[in-house]
Amino acid sequence: MRHAHADLAAMQRALELARQSLLSDDNDVPVGALMLGPAGDVLAESANRREALTDPTAHAEVVVLREAALALDDTHLVGCTLVVTLEPCPMCAGAAQLARVDRVVFGAWNEEYGAAGSAWDLLRDRRISHRPEVVGGVLAEECGAIVREFFARRR
């Protein structure tokens, strides 16, 4: 509970990024992410950029991991918190583990691709040496609604 207020504020910003993405012409799934530094400052923020950059790895989480590593001049993001509107997929969960992120906070659960407790639980797998703290379901309804709206528009 010690991070609850900061998690909520960061998720609200991630939701803003997702909403901006939903309104853009990029056609990216509207997912927003932030990387908070050890002091709680925002090191990086982004929405999904896969379609915009024609880069299959440009999920919001990977974009902020890259930017935060550059900001800190370190590939290990010890003390940092990844905040994302949708449960990370296996690629993003693995990237967060390899970056040594301390915490992963997410909004909506992703039953199809989620790797933080839904389809898989990669972030807490005991076979992997680094297991960040995982906080799921922060503003879950609001975060899920944006993704549902995106896919409803595509049908």
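Trainee: What pattern does the protein chain follow along the sequence?

Mentor: The protein chain of this predicted model reads α-β-β-α-α-β-α-β-β-α, with five helices and five strands. Helices (H or I, at least four residues) and strands (E, at least two) are DSSP runs, numbered from the N terminus. Residue numbers start from 1 along each chain as its sequence is written. Local features need pLDDT of at least 70 and side-chain atom pairs pLDDT 80 or more, while totals for chains, interfaces and linings use all residues; side-chain values use heavy atoms, without hydrogens and water.

Trainee: Why is the protein chain called as compact as a globular protein of that length?

Mentor: The radius of gyration, taken over C-alpha atoms, is set against a globule rule of 2.2 Å times the number of residues to the power 0.38. The chain has 14 Å, close to the 15 Å that the rule gives for 155 residues, so the description holds.

Trainee: What makes H1 roughly parallel or antiparallel to H5?

Mentor: The axes of H1 (residues 4–23) and H5 (residues 140–154) come within 10 Å and cross at roughly 10°. Angles under 35 degrees count as roughly parallel, so H1 is roughly parallel to H5. Contact means heavy atoms within 4.5 Å; among the residues making it are Met-11 and Leu-15 of H1 and Cys-143 and Ile-146 of H5.

Trainee: Which helix or strand gives the most to the largest nonpolar core?

Mentor: H1, with seven residues. The core has 42 residues, and Met-11 is one of those with the most contacts inside it. Such a core is a set of buried (under 20% relative accessible area, 1.4 Å probe, protein chains only) Ala, Val, Leu, Ile, Met, Phe, Trp, Tyr and Cys residues joined through side-chain atoms within 4.5 Å.

Definitions and conventions
Axes are lines fitted to C-alpha atoms, for helices over the stretch in contact, and angles run from 0 to 180 degrees between N-to-C directions. Angles under 35 degrees count as roughly parallel, over 145 as roughly antiparallel, 65 to 115 as roughly perpendicular and the rest as oblique. Buried means under 20% relative accessible area, exposed over 50%, partly exposed in between (1.4 Å probe, protein chains only).
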